[in-house]
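Please open the model in your viewer and keep the sequence panel visible beside it. The tour proceeds by selections, each followed by a short account of what is to be found there.

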Amino acid sequence: AARAGSDQRAEVQVQRGLAELALAEGRHLDASRAAGEALAVAQRLGLEEFIADLASLEGLAAVRGSDALDADLVEAARALVASHLDTSAEPHRIHLRLAVLADAADEPEAARTHYVQARALLDAALVPLDERTRTHAVAQVAEHRAIVEGAQTVAPRPVELRLARLDAPRGRALVPDELVTVALELPPVPQTPTGRRDQLLTLLGQVRHRGAQATIEDLSSLLDVSASTVRRDLRALRAAGHDVATRGTGTG
């Protein structure tokens, strides 16, 4: 109908809707085709407010619909989005798609940046709503949920806990004056042993810098792994020449 009436703006909007529907249904080739056709029309007509949205949508469909990453396509989509992002009506959705593209390109820092930006922009967009409506908007909209969940996986997690002072005596229960409150910002726990051990080493250094010492149980809770995993990681770090002491046995 839009084409019959020569309403090309309406055609772009309908094609975008069809692309989003196809993507939601897992028809990635159809989604990429519809987004690409809409993008071509938007560029030809100079419809700036649609370009970043459609470029990111086409890139997302291409990434999800292929086993092998088309690096040139992804880079072209990201470049086009970057040059038109300021004119987009819903930049939080675009940053979410850019985060997915960055993940596909194995660029964790870029993905983290886009997830955090997407969350900040979504929060700002929801500010005028009452608390109940905001909660509903996040729970019922798939892209909003993906933004919140993605940001939670990459953003530092604030933690505050009471630990023994470095000079606290051993062999008996500690009194309040022998404890110190330690505030930490924990990034997500890496999924590889090497990454986890690097984070464990950093964590122990931060705790010691604050004049405290952690137990195996403290570290297990902070890293969300078992105590036996922490002990195994500590042994590996010591074998590599690192001085990693924990409270309890003197050396962990």
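Select strand β1 (residues 157-165) together with β3: the two pair in the antiparallel sense over two bridges. Please bear in mind throughout that this is a predicted model. Within this pair, display Ala-164, which stands opposite Gln-213 in β3.

Next, add helix α9 (residues 193-209) to the selection. Helix α9 packs on the sheet and touches β1, β2 and β3. The direction of α9 makes about 140° with that of β2. Then add helix α10 (residues 216-223), which also packs on the sheet, touching β1 and β2. The direction of α10 makes about 180° with that of β1.

Now display the sheet as a whole. In what order do its three strands stand? The order is β2-β1-β3, in an open sheet with antiparallel pairing. Strands β2 (179-186) and β3 (212-213) stand at the edges, and each has a single partner strand, so one side of each is left without a neighbour in the sheet. As background, the strands of a sheet pair through backbone hydrogen bonds, in either a parallel or an antiparallel manner.

Return to α9 and select α11 with it. These two helices pack at an angle of about 85°, with their axes 10 Å apart. An angle from 65 to 115 degrees counts as roughly perpendicular, and α9 and α11 are therefore roughly perpendicular to each other. On the α9 side, the contact is made by Arg-196, Arg-197, Leu-200, Leu-201 and Leu-204. On the α11 side, the residues in the contact include Thr-229, Val-230 and Leu-234.

Centre the view on Thr-229, in helix α11 (residues 227-239). Is Thr-229 buried or exposed? Its relative accessible area is 11%; because buried means under 20%, Thr-229 counts as buried. The side chain of Thr-229 makes a polar contact of 2.9 Å with the side chain of Ser-226.

Move next to Asp-224, in the loop between α10 and α11. Asp-224 is exposed, with a relative accessible area of 69%. Its phi is near 60°, a positive value in a residue other than glycine. Most residues other than glycine have a negative phi. A second case is Ser-6, in the segment before α1, where phi is near 55°. Ser-6 is likewise exposed, with a relative accessible area of 60%.

Now select helix α2 (residues 28-45). How far apart should the ends of its 18 residues be, at 1.5 Å a residue? The expected span is 26 Å, and the end C-alpha atoms are 26 Å apart, which agrees. Colour the buried residues of α2, among them Ala-31, Ser-32, Leu-39 and Val-41. The buried residues of α2 pack against α1 (8-24), α3 (48-64) and α4 (71-84). Following α2 is Gly-46, whose phi is positive, near 75°.

For the last stop, select His-114, in helix α6 (residues 108-126). With 16% relative accessibility, His-114 counts as buried. Which residues does His-114 touch, leaving aside those up to four places away in sequence? They are His-95, Leu-98 and Ala-99. With His-95 there is also a polar contact of 3.0 Å, joining the side chains of the two residues.

Definitions and conventions:
Residues numbered from 1 in each chain as written. Predicted model: local features only at pLDDT ≥ 70, side-chain atom pairs only at ≥ 80, totals over all residues. Heavy atoms only, no water. Helix = DSSP H or I, 4+ residues; strand = E, 2+ residues; numbered from the N terminus. Buried < 20%, exposed > 50% of the residue type's maximum accessible area, 1.4 Å probe, protein only. Polar contact = N/O pair within 3.5 Å; in protein donor to acceptor, adjacent residues only side chain to side chain. Contact = heavy atoms within 4.5 Å. Expected span 1.5 Å × (residues − 1). Pairing = 2+ DSSP bridges. Axes fitted to C-alpha atoms, helices over the stretch in contact; angles between N-to-C directions. Parallel < 35°, antiparallel > 145°, perpendicular 65-115°, else oblique.
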